[in-house]
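Please walk me through this protein as one would at the bench, element by element, with attention to how the sheets, helices and open spaces fit together.

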Amino acid sequence: MRKIAFFDIDGTLTSETDGSVPEDAAWAIARARENGHLMFLNTGRCFQNVEPRFRRIGWDGYVCGCGTNIYCDGRDVLYVSQTHGTIMRVLDAARRADVDILFESRARVAFDLTRPLRHPKALRQYQIFVDQGYHMPEDLENPNFFADKFVIWYQEEAQLTAFRQVSDQWFDCIDRGGTFREFVPRGYSKATGIQFVLDRYELSLENAYALGDSNNDLPMLSYVPHSIAMGNASPASLLAQVEYVTAKASQGGIRQALTHYHFI
């Protein structure tokens with residue numbers, strides 16, 4: 001019976017110790033595809049941020065941007081973006097709340113640099129994009145600028161509360177831990193992405209499996225009947241909410257899970 005598996009990237013596909021893709025994970029995914037099963041990435045990352053090293057593994061498709069952009073068999077089959085006007089209202093709210101904001105779309109990423117970035121992790125992420133050669137537009141008020149989703153870093157809870165008084169009109173807030181939050185258009189998630197793909201391939205939900213390691217994977221882990229948490233999952237409470245807990249990503253977790261469920 002043909003099955004389909006959906007994989008998060010960070011801490012699931014990649015080692016929690018150094019961010020590399022374990023060789024046995026890539027091998028297991030390739031073997032599962034050879035056996036006729038479908039393998040999909042399901043990530044909060046927009047497509048431009050799915051690095052070539054991940055794409056080279058070989059996939060049947062991608063669910064990107066928490067279900068807002070989907071590719072099946074090399075074809076772009078769903079894309080949901082926000083208007084410039086909506087993004088400008090979000091940008092204004094971020095400036096008034098004094099939070100660091102990163103806008104994402106399938107083509108680009110952009111920080112608001114009208115004031116210095118303050119959160120250490122925002123600064124670190126900005127430097128990663130610089131080192132990777134990303135072109136990041138700075139004139140966000142340009143009428144041609146838009147985004148699909150965004151993330152923020154803040155220092156005080158009052159900042160988050162003030163910001164969400166605006167953002168909650170259109171976006172769901174995902175707690176990524178600490179003072180980091182991800183915002184996704186209301187009505188879209190990793191779970192809606194899964195159902196879209198299942199409908200396209202005329203597959204039953206019973207044949208769907210999801211692998212993840214963090215809170216932003218909960219929508220897909222709670223949606224499918226066969227949910228798998230990596231041994232390195234955080235918070236630890238995630239382990240009690242899934243059907244199966246596999247080994248850590250760095251210790252053969254993906255290969256173990258695909259073996260356990262007879263993909264390989």
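Which residue in S7 is the bridge partner of Leu102? The partner is Phe111, and with this pair one can begin to read the model, which is a predicted one. Three bridges join S6 to S7, and these two strands run antiparallel. Both belong to an open sheet of five strands, whose order is S7-S6-S8-S10-S9 and whose pairing is antiparallel. Strand S7 (109–111) and strand S9 (171–175) stand at the edges of this sheet, and each has a single partner strand, so one side of each is left without a neighbour in the sheet. Going from one strand to the next, the twist averages 20°. In a regular strand, side chains alternate between the two faces of the sheet.

Two helices pack on this five-stranded sheet. Helix H4, residues 84–97, touches S6, S8 and S9, and its direction makes about 160° with that of S6. Helix H6, residues 157–167, touches S6, S8, S9 and S10, and the direction of H6 makes about 5° with that of S10.

A second open sheet is built from eight strands in the order S5-S4-S3-S2-S1-S11-S12-S13, and its pairing is mixed. Here S5 and S13 stand at the edges with a single partner strand each, so that one side of each is left without a neighbour in the sheet. A parallel pairing is found between strand S1 (residues 4–7) and strand S2 (residues 38–42), which are joined over four bridges; Ile4 has Leu38 in S2 as its bridge partner. An antiparallel pairing, likewise over four bridges, links S4 with strand S5 (residues 75–79), and in this case Cys72 has Arg75 in S5 as its bridge partner.

The backbone of this second sheet and its connections deserves a careful look. The hairpin of S4 and S5 has two residues between the strands, and in this hairpin Asp73 takes a positive phi near 50°. Cys66, placed in the loop between strand S3 (61–64) and strand S4 (69–72), has a phi near 55°, which is a positive value in a residue other than glycine. Towards the other edge of the sheet, the loop between strand S12 (226–229) and strand S13 (244–245) holds Pro235, and the peptide bond that joins Ser234 and Pro235 is cis, with omega about 5°.

Helices also pack on one another. The axes of helix H2 (residues 23–34) and helix H9 (residues 253–260) come within 7 Å and cross at roughly 30°, and the two helices are therefore roughly parallel to each other. On the H2 side the contact is made by Asp24, Ala25, Trp27, Ala28, Ile29 and Ala32, and on the H9 side by Ile254, Arg255 and Leu258. Sorted by class, this contact of H2 with H9 has seven nonpolar and two charged residues, with no polar ones.

What remains is the open space. Rolling a probe the size of a water molecule over the atoms shows where empty space is left. The largest pocket holds about 1200 Å³ of space and is lined by 41 residues, of which Asp10, Arg45, Gln125, Arg176 and Phe180 lie nearest its centre. The elements giving two or more residues to this lining include helix H1 (9–13), helix H3 (52–55) and helix H5 (120–131), together with strand S6 (100–104), strand S8 (149–153) and strand S10 (180–185). The largest share of the lining, five residues, comes from H5. In its make-up by class, the lining has 18 polar, 15 charged and eight nonpolar residues. Strands S6, S8 and S10, which give residues to this pocket, are also members of the five-stranded sheet with which this account began.

Note on methods. Residues are numbered from 1 along each chain as its sequence is written. This is a predicted model: local features need pLDDT of at least 70, side-chain atom pairs count only at pLDDT 80 or more; totals for chains, interfaces and linings use all residues. Side-chain values use heavy atoms; hydrogens and water are left out. Axes are lines fitted to C-alpha atoms, for helices over the stretch in contact, and angles run from 0 to 180 degrees between N-to-C directions. Angles under 35 degrees count as roughly parallel, over 145 as roughly antiparallel, 65 to 115 as roughly perpendicular and the rest as oblique. Contact means heavy atoms within 4.5 Å. Ala, Val, Leu, Ile, Met, Phe, Trp, Tyr, Cys and Pro count as nonpolar, Asp, Glu, Lys and Arg as charged, and the others, Gly among them, as polar. On a 1 Å grid over the protein atoms alone, a cavity is a set of points where a 1.4 Å probe fits but cannot get out, and a pocket is an open set with protein on both sides within 12 Å along at least five of seven lines; lining residues have an atom within 4 Å of a point. Grid points are joined across faces, edges and corners, and a volume is the space filled by probe spheres set on the points. Two strands pair if DSSP finds at least two bridges between them.
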